[in-house]
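Welcome, and please open your viewer so we can take a walk together. At each stop you will get something to select and a short note on what is there.

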Amino acid sequence: MVRQRRVSAAISRPSERFSEMMVFHFETPRPDELATQWKEAELVAAACKLAGHRFHTAVVLNARELEAHLAYIFTWKPASRGKPQFSLHFSGHADREGIQVGATFLDWHALASAIGRTSVKAQFPYMLFISGCGEGRPEFTKAFKGVENRPIYIFAFEDEVNWQDAAHASSLVYRFLSDIAVSDSRRVRKVVDQIRTLGLGRMLYYRWDKQSDCYRLYPGRTGASTKPK
């Protein structure tokens, strides 16, 4: 019992920051995009290096490849359990319903299920970043229902965003977050506000609220099925 209390205290320690994360970046192009230069990995990698994060990128062409990557990533043995150990970052075409992974379209429920299956033994926090068009506000609370190890934060866009703006926004988010305490949702909201003010896309964040068993959405709206805060 004593050890369980100590672990719980470490997880909720307010001084833990979004620092020295590993950013696992997945490019998910359609077949016709493989030979283009429309890739954000180089810019995000440089920003992560400056912010003190580590970075790895991979091109993922279908759902099977994605799940294999996730299964390997979630074997991570973290040195600390109190902060996000990594970000799962997806760069590709997305909308309110899901994301394109190579030639396969995965709805958010399918992506959440893949994350749930591969992360079941990895009880440490992580975040999810969707760098793609939104066309609405995805209902991540429903998608991740029943998934035990959910991302503590999800960053996404609520409408169309070009790849240059998405790449710049992603880079700035990792830089700005590195100095912020995980529990300081007010400052995380300010990061979202900065991205929107700069005109780099209408960014959203979803923060998992364990007590309410839902994702808190920011910026919120009246009548949203995902509770705003």
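Which residue stands opposite V59 in β2? Select V59 and look across to the neighbouring strand: the residue standing opposite is E27. Keep in mind throughout that this is a predicted model.

**Stop 1: the edge of the sheet**

Stay with V59, which lies in strand β2, residues 54-59. Now add strand β1, residues 22-27, to your selection: β1 and β2 run parallel and are joined by six bridges. How buried or exposed is V59? V59 is partly exposed, because its relative accessibility of 43% falls between the 20% and 50% limits.

Next, show L34 and L61 together with V59. On the surface these residues form a nonpolar patch, and their accessible area adds up to about 230 Å².

**Stop 2: the whole sheet**

Zoom out and colour the strands. You should find an open sheet of seven strands, in the order β2-β1-β3-β6-β7-β8-β9, with mixed pairing. Which strands stand at the edges? They are β2 and β9; each has a single partner strand, so one side of each is left without a neighbour in the sheet. Turn the view a little to see the twist: on average, neighbouring strands of this sheet are turned by 20° against each other, direction ignored.

**Stop 3: strand β7**

Select residues 153-157, which make up strand β7. Why is this strand described as largely enclosed by the rest of the structure? The reason is that five of its five residues are buried.

Here is a useful idea before you look at the side chains. In a regular strand, side chains alternate between the two faces of the sheet. Now show the side chains of β7: Y153, F155 and F157 are on one side, while I154 and A156 are on the other. Both faces are covered, and these residues are all buried.

Then look at the neighbours of β7. Strand β6, residues 127-131, runs parallel to β7 and is joined to it by three bridges. Select L128 to find the residue opposite I154. Strand β8, residues 203-209, pairs with β7 in the antiparallel sense, over five bridges. On that side, Y153 stands opposite R207.

**Stop 4: charged partners**

Side chains of opposite charge can pair when their charged atoms come close. The count for this structure comes to 10 salt bridges, and we will visit a few.

Select D213 and R150. They form a salt bridge, with their closest N and O atoms 3.9 Å apart. D213 is in the loop between β8 and β9, and R150 is in the loop between α5 and β7, so the pair ties together parts that are 63 residues apart in sequence. R150 counts as buried, with 18% relative accessibility.

Now select E158 and R196, whose side chains meet in a salt bridge at 3.3 Å, N to O. This pair links distant parts of the chain, 38 residues apart: E158 is in the loop between β7 and α6, and R196 is in helix α7, residues 185-197. E158 is buried, at 10% relative accessibility, whereas R196 is partly exposed, at 25%.

Add R202 and D159, another salt bridge at 3.3 Å, N to O. R202 sits in the loop between α7 and β8, and D159 in the loop between β7 and α6, 43 residues apart. Finally, add R137 to the selection: salt bridges that share partners join R137, E158, D159, R196 and R202 into one network.

**Stop 5: backbone surprises**

Most residues other than glycine have a negative phi, and most peptide bonds are trans. With that in mind, go back to D213, where phi is near 55°, a positive value in a residue other than glycine. D213 is partly exposed, with a relative accessible area of 47%.

Then select E20, in the loop between α1 and β1. E20 has a positive phi of about 50°, although it is not a glycine. At 54% relative accessibility, E20 counts as exposed.

For the peptide bond, select Y218 and P219. The bond from Y218 to P219 is cis, with omega near -10°. P219 lies in the segment after β9.

**Last stop: the cysteines**

Select C48 and C214. C48 is buried, with 0% relative accessibility, and C214 is buried too, at 5%. How many disulfides does a search of the whole structure find? The search finds zero.

Terms used. Residues are numbered from 1 along each chain as its sequence is written. This is a predicted model: local features need pLDDT of at least 70, side-chain atom pairs count only at pLDDT 80 or more; totals for chains, interfaces and linings use all residues. Side-chain values use heavy atoms; hydrogens and water are left out. A disulfide is a pair of cysteine sulfur atoms within 2.5 Å. Buried means under 20% relative accessible area, exposed over 50%, partly exposed in between (1.4 Å probe, protein chains only). Helices (H or I, at least four residues) and strands (E, at least two) are DSSP runs, numbered from the N terminus. Two strands pair if DSSP finds at least two bridges between them. Patches are made of residues with over 30% relative accessible area and no salt bridge: like charges are joined within 9 Å, nonpolar side chains (Val, Leu, Ile, Met, Phe, Trp, Tyr) within 5 Å. Accessible areas come from the Shrake-Rupley method with a 1.4 Å probe; for residues, only the protein chains shown count as cover. A salt bridge is a side-chain nitrogen of Lys or Arg within 4 Å of a carboxyl oxygen of Asp or Glu. Axes are lines fitted to C-alpha atoms, for helices over the stretch in contact, and angles run from 0 to 180 degrees between N-to-C directions.
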